[in-house]
Amino acid sequence: MKPFGYLRATSVEEAVRAAEGRPGARFLGGGTNLVDLMKLGVERPGLLIDVTRLPLDHIEELPDGGLRIGAMVSNSALAAAAPVRERYAVLSQAVLSGASGQLRNTATTGGNLLQRTRCLYFQDVSKPCNKREPGTGCPAREGIHRDLAVLGHSPHCVATQPSDMAVALAALDATVHLHGPDGDRSVPVTEFHRLPGDHPEQDTVIRPGELITAVQLPPADRGARSRYRKARDRASFAFALASVAAVLDVRDGVVRRAALAFGGLAHRPWRARAAEEVLRDAPATEDTFARAAEAELAAAEPLRDNGFKVPLARNLAVAVLTELAAPPARG
Amino acid sequence: MQPTNQPADAGGARAAGAARSGTGAGTRAGTATAGPARSAEAAAEQSSALVLHVNGTAYELTLDHRTTVLDVLREHLGLTGAKKGCDHGQCGACTVLVDGRRANSCLMLAVAQDGRHITTIEGLAHGERLHPLQEAFVERDALQCGYCTPGQICSAVGVLQEAADGFPSHVTPADAPQGGPVPLTVEEIRERMSGNLCRCGAYPRIVEAVHDVSTDQGVAS
Ligand SMILES: Cc1cc2nc3c(=O)[nH]c(=O)nc-3n(C[C@H](O)[C@H](O)[C@H](O)COP(=O)(O)OP(=O)(O)OC[C@H]3O[C@@H](n4cnc5c(N)ncnc54)[C@H](O)[C@@H]3O)c2cc1C
Ligand code: SF4
Ligand code: FES
Ligand code: FES
């Protein structure tokens, strides 16, 4: 690992000022991804700006009924928070399906959103990779890509975004709050992560030196139920092969509102607008759910070894929607 | 770090020992100044003075920023209980408690933990009296080679506290009552301990040992 400077920021302003004009600076959250990548030589920062002691570690009830989650709230605290469990169950479930208890205690909300792909070539500095070193090529396209994208990939990169939390946030229409050299701005989570296109080195639309300060949830749809389901190679402590976050409101057997997002399939959490189109005002039946999932996944372009993800994602979506449409056992 | 994430008796409880400085190799007693660099210019320094409270003893250390908590424990303080299995957060062998919560010490930079209270396997027993989880691991013979054991036990200490504090897990039913302790079923223990791998496959006995203690403490079911 290359030596680096360290600054513990005591205010958002100080953190952003320290990063300004220093392309080699990185914000340090829990470090569970950044420190890992520094050990691998993928990240070689000259300065770490520790933001973990900023006063951004609270979950705040908003007057409109929404929630504002500080960027430093740990993944464990987020999943355990009463308003999240009660009103945004899909988010609590998504966070709890990721990583391990140890990692969730350390990881932050901001860091989770910005975690990098687990593509093996990206993590191996002895291999070419357009995301790590633009213009060197994408060995995953012909090589090991079983875990990688089936939707929205480009000839330059077929990586997947690994965060479970981000998939739930996409289904919940959450917003990312940023503070940077040019002040504050907000970006919907669904537009925060990019598709790889010609610039796979840019995972998100975050600008140099911008700090994530919070994630905001709109008021929950009180009539809706929500759920996250993840398929993986072992029962726990593994990244998603495919996952589904769904929010469903059914009245008198008809879908009043549905929000659906897939994880593990693309370079960003995949909000399934085509599926939602099919679901809107349709009878809440398994047949509708299958047609909706298929409408979305028609755009899939699987690689040699990851075609299994398409039926897997379809079946997950149908199962989750069917479960949500069934009358609740309790409460 | 996160007030919402601290047990009532976060850290501190075992930190009664008088501050001792300059003990472990690599410490430079007397040179420790107030915390890390306060300006970006000063941040060009590649090492910082800091304090870590380990098993109740305060250590003043000057460390290269690259040093992880795991390396401080093993290489600087001679506490080799926490193990380096993978060094990438994947195995749990390095698990310790930081301000009462379990964490992978291999992914934590020591400088970022300045001022925190760390408990390792060496700090769990009270004199000759083993921690109930240590007792249970012996009683149940919950190990073979023992390499993963310190991490398993520290992780289990964290699990019991998290369950007592009402933290849900992936297998906690969505409609489970909130606010009180989460009953630690065998399924809960298996899920919550999944960040600790055991190459010897001692899992069944590990689950039994944790279940024994959670039953004794009234958080099992
Ligand atoms: C073994 C293992 C298994 C895992 N399994 C899963 C899984 O199944 N599902 C899953 O979703 N995740 C999984 N993870 C990933 C884990 O969730 C992330 O590492 C974690 O959420 C990152 O959060 P952090 O605070 O530690 O980020 P850091 O490592 O501190 O930061 C990550 C990136 O974000 C930047 N950053 C951090 N905070 C901010 C901020 N506020 N503003 C701007 N930039 C910021 C950093 O500069 C860095 O580039 C796993 C990780 C490991 C090691
Ligand atoms: S898929 Fe993306 S991250 Fe993986 S090797 Fe190709 S360019 Fe790199
Ligand atoms: S050594 Fe830290 S998790 Fe393996
Ligand atoms: S007892 Fe050998 S690795 Fe667990």
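Which of the 13 residues around ligand 2 come nearest? In this predicted model, local features need pLDDT of at least 70 and side-chain atom pairs count only at pLDDT 80 or more, whereas totals for chains, interfaces and linings use all residues. Residues are numbered from 1 along each chain as its sequence is written, chains are lettered from A and ligands numbered from 1 in the order in which they are written, and side-chain values use heavy atoms, with hydrogens and water left out.

The nearest residues to ligand 2 are A:C119, A:C129, A:C138, A:C157 and A:V158, a residue being near if one of its heavy atoms lies within 4 Å. The shell around ligand 2 comprises ten nonpolar, two polar and one charged residues, where Ala, Val, Leu, Ile, Met, Phe, Trp, Tyr, Cys and Pro count as nonpolar, Asp, Glu, Lys and Arg as charged, and the others, Gly among them, as polar.

Between the two chains, 51 residues of chain A are in contact with 54 residues of chain B, contact meaning heavy atoms within 4.5 Å. The buried area, that is, the accessible area (1.4 Å probe) that two parts lose on being put together, summed over both, is about 4,300 Å², and carbon and sulfur atoms give 52% of it. On the side of chain A, the most area is lost to chain B by A:Y6, A:R85 and A:Q102, which together make up 17% of what that side buries.

Two salt bridges are counted between chain A and chain B, each a side-chain nitrogen of Lys or Arg within 4 Å of a carboxyl oxygen of Asp or Glu. One of them links A:R8 with B:D114, with the closest N and O atoms 3.4 Å apart.
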